[in-house]
Amino acid sequence: MKLQRKNRLRALSLGALAVSGALALTACGSDDTSEGGGGKETNANANIKCDDAKGQLAASGSSAQKNAVDAWRKVYTANCKDVQLNYNPTGSGAGITAFLQGQTAFAGSDSALKPEEIEKSKKVCEKSQAIDLPMVGGPIAVGYNVPGVDQLTLDAKTLADIFNEKIKTWDDKAIKKLNPDAKLPSTKIQAFHRSDESGTTDNFTKYLKGAAPSAWPYEPGKSWEPKGGQSANGSAGVASQVKQTAGAISYFELSYAGEGVKTVDLKTDAKEPVKATVDNASKAISEAKVVGKGKDLALELNYKPTAEGAYPITLVTYEVVCEKGNKADTLPATKSFLTYIASEDGQKVLKENDYAPIPAEIISKVRTTVAGLS
């Protein structure tokens, strides 16, 4: 556990560099577990079929799944030593753009492709189109830094008012009402949002719009619409700002909440406030429905789950890839890597690193689809 925390903190430190420049993560088939972000020990005996996989495999996109990719990469490249996997956590929007321009073999996105993006993909995927493969699940944690406050409960309306700058200090009466026993200071609230296009932002704003529509007048999207607030690049960037800024609050994937970052409990219609945990996120994701057409496995999430203990701010990260027409030089590595991460071994790695595995009935469809990529 200490090693895992140490590695996550190192991932935060490295990820913060993305505020001033792009961070490229390259693996060269090393078994050394001291490099990279979160992740357990490398399993060089994992049941991975490398087949003809070799050469450079470039991908980019979601920074929310960066720590999952780090963990997967260690295992995969330890087994398939002829593959160099380069995943750049540029954000979902930039990742989709790079993929549609033919720069990467696949992209990571925390939002499913839009109809216009699917149409554009037909220029990259010869005689085919791109599809969404749900591969990573997890809670979007709301991290905060309020000295002296070790436990904090907020609801959707209060969160909306905080990020819309209607609530400006931590001793506001709305926060006090939800936390009657907390010693809330008059510290100014420093709300941080993503500066880059982000599927995490998309899912967070979908939650605010769905759970508190009267308090959140903006349409959900990858770009932050409200004026004001402060911003940072990537999940690592906003998490780093929360850690070092008194009075800060932001949203990011749970795996970025390392030591020193406390997370908000959410008040829902359940009897007790719900904590941001993998198991609680899984309860909410299990209510998702497949709404994509054909081989596309885009999901519709329920941001107002009714189950006790279901954490409502969740996201699913998709690997976006061509159903057919993938580049011949990267197809073997692409199929080999995606086959591994969709496998039982690959999905097991997720829970070990604070992510939620995709429900069995959905991941089984992913496996079938990956096997048919061409």
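**Exercise 1. Determine which residues of α11 are exposed and which are buried, and where the buried ones lie around the axis.**

Step 1. In helix α11 (residues 344-352), E344 and K348 are exposed on the side of the helix other than the one that holds its buried residues, where exposed stands for over 50% relative accessible area, buried for under 20%, and partly exposed for what lies in between, computed with a 1.4 Å probe on protein chains only. The helices named here are DSSP runs of H or I with at least four residues, the strands are runs of E with at least two, and both are numbered from the N terminus.

Step 2. The buried residues of α11 are G346, Q347, V349 and L350. Because these cover an arc of only 145° around the axis, they sit on the same side of α11; the arc is taken over the directions from the helix axis to the C-beta atoms. As a general background, residues three or four places apart point the same way because an α-helix has 3.6 residues a turn.

Step 3. The packing partners of the buried residues of α11 are α2 (66-79), β5, α10 (331-342) and α12 (360-371), a contact being a pair of heavy atoms within 4.5 Å. Just after α11, D354 takes a positive phi of about 65°.

The model is a predicted one, in which local features need pLDDT of at least 70 and side-chain atom pairs count only at pLDDT 80 or more, whereas totals for chains, interfaces and linings use all residues. Residues are numbered from 1 along each chain as its sequence is written, and side-chain values use heavy atoms, with hydrogens and water left out.

**Exercise 2. Carry out the analysis of buried residues for α9, and find what covers them.**

Step 1. Helix α9 spans residues 278-285, and its buried residues are V278, N280, A281, A284 and I285.

Step 2. Viewed down the axis of α9, these buried residues fall within an arc of 160°, and they therefore line one face of the helix.

Step 3. The cover over the buried residues of α9 includes β5 (130-144), β14 (314-322) and α11 (344-352). β5 also appears among the elements against which the buried residues of α11 pack.

**Exercise 3. Describe the surroundings of T205 and of A160.**

Step 1. T205 belongs to helix α7 (residues 199-211) and is buried, with a relative accessible area of 5%. Apart from its neighbours within four places in sequence, T205 is in contact with W216, P220, G221 and W224.

Step 2. For G221 there is also a polar detail, since a polar atom of the T205 side chain lies 3.4 Å from the backbone nitrogen of G221.

Step 3. A160 lies in helix α5 (residues 156-163) and is buried, with a relative accessible area of 0%. When residues up to four places away in sequence are not counted, A160 touches L208, A215 and W216. A160 and P217 are 57 residues apart in sequence, while their C-alpha atoms are 9.4 Å apart in space.

**Exercise 4. Characterise the largest pocket, the second largest pocket and the second largest cavity by volume and lining.**

Step 1. On a 1 Å grid over the protein atoms alone, a cavity is a set of points where a 1.4 Å probe fits but cannot get out, a pocket is an open set with protein on both sides within 12 Å along at least five of seven lines, and lining residues have an atom within 4 Å of a point. Grid points are joined across faces, edges and corners, and a volume is the space filled by probe spheres set on the points.

Step 2. The largest pocket has a volume of about 490 Å³, and of the 24 residues in its lining, A112, L113, V291, A298 and L299 are the closest to its centre. The most residues, three, come from α7.

Step 3. The second largest pocket has a volume of about 320 Å³; of its 16 lining residues, A211, K267, T268, D269 and K304 are the closest to its centre.

Step 4. The cavities of 30 Å³ or more number three, and the second largest cavity holds about 50 Å³ of space. Its lining includes F163, H193 and W224, and strand β7 (residues 190-194) gives the most to it, with three residues.

Technical notes:
A polar contact is a pair of N or O atoms within 3.5 Å; within protein, one must be able to donate a hydrogen and the other to accept it, and residues adjacent in sequence count only if both atoms are side-chain atoms.
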